[in-house]
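Reader: Got a minute to walk me through this one? Keep it brisk, please.
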Amino acid sequence: MYPVSLAFKNAIQQPSRSFVAKVIINEVEYSNENVLEITLNEVFIPNNDFAIGATPAAKLELTLFDVQDVLAGAIVEPFLGLEIDGVPEYVPLGVFIADQIEKGKRTTKLTCLDQMILLDI
């Protein structure tokens with residue numbers, strides 16, 4: 001669990017909330033205007049081959065707008081922020097490695113895996 005402020009704890013319980021996102025890719029920060037979609041699957045098992053003693057990886061799918069300079073192997077750090085009095089308080093979603101990249105005219109879709117995948121042999 002990540003430490004958050006008391007204001008965050010109160011705001012997250014409200015029925016009306018406003019969220020924003022940002023992502024840092026190889027130390028370059030992209031704002032909410034660049035993030036179109038974030039999907040996080042925290043229990044990803046390659047090939048659906050569960051084995052005793054195995055640890056599942058997390059899988060992040062991220063679609064970005066007007067971001068073209070991302071290469072496979074890039075370090076990707078997504079954050080989700082809750083706006084409190086117009087100022088976002090961010091919570092990190094993890095550290096991932098870009099595995100697959102699909103580029104469109106103005107969009108880039110990244111499929112990223114957390115570093116647990118490096119232990120898969």
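Reader: Which residues touch the most other members in the largest nonpolar core?
Author: Val23, Ile25, Leu62, Leu64, Val76, Leu110 and Cys112, in a core of 17 residues. A nonpolar core here is a set of buried Ala, Val, Leu, Ile, Met, Phe, Trp, Tyr and Cys residues joined through side-chain atoms within 4.5 Å. Buried means under 20% relative accessible area, exposed over 50%, partly exposed in between, with a 1.4 Å probe and protein chains only.
Reader: Which elements give two or more residues to this core?
Author: Strand 1, strand 4, strand 7 (96-103) and strand 8. Strand 4 gives the largest share, four residues. Strands (E, at least two residues) are DSSP runs, numbered from the N terminus.
Reader: What is the source, and how is it filtered?
Author: It is a predicted model: local features need pLDDT of at least 70, side-chain atom pairs count only at pLDDT 80 or more, and totals for chains, interfaces and linings use all residues. Residues are numbered from 1 along each chain as its sequence is written, and side-chain values use heavy atoms, with hydrogens and water left out.
Reader: Back to leucine 62. What is it in contact with?
Author: Val23, Val35, Glu37, Ile38, Val76, Thr108, Lys109 and Leu110, leaving aside neighbours within four places in sequence. Contact means heavy atoms within 4.5 Å. There is also a second, separate core of five residues, including Ala11, Leu82, Ile84 and Val91.
Reader: Threonine 108 is on that list. Buried or exposed?
Author: Threonine 108 is buried, because its relative accessible area is 0%. Its place is in strand 8 (residues 107-114).
Reader: What lies 2.4 Å from a polar atom of its side chain?
Author: The backbone oxygen of valine 67. Val67 is also among the residues that threonine 108 touches, as are Leu64 and Gln68.
Reader: New topic. Where is aspartate 66 found?
Author: In the loop between strand 4 (57-65) and strand 5 (75-84). Its phi is positive, about 60°, although aspartate 66 is not a glycine. It counts as partly exposed, because its relative accessibility is 41%.
Reader: And what is phi of asparagine 26?
Author: Near 50°, again a positive value in a residue other than glycine. Asparagine 26 sits in the loop between strand 1 (19-25) and strand 2 (28-30).
Reader: Last one. Which rings does lysine 22 lie over?
Author: Phenylalanine 79, at 5.1 Å from the ring centre, and tyrosine 90, at 4.4 Å. The test wants NZ of Lys or CZ of Arg within 6 Å of the ring centre and within 35 degrees of the ring normal.

Key. A polar contact is a pair of N or O atoms within 3.5 Å; within protein, one must be able to donate a hydrogen and the other to accept it, and residues adjacent in sequence count only if both atoms are side-chain atoms.
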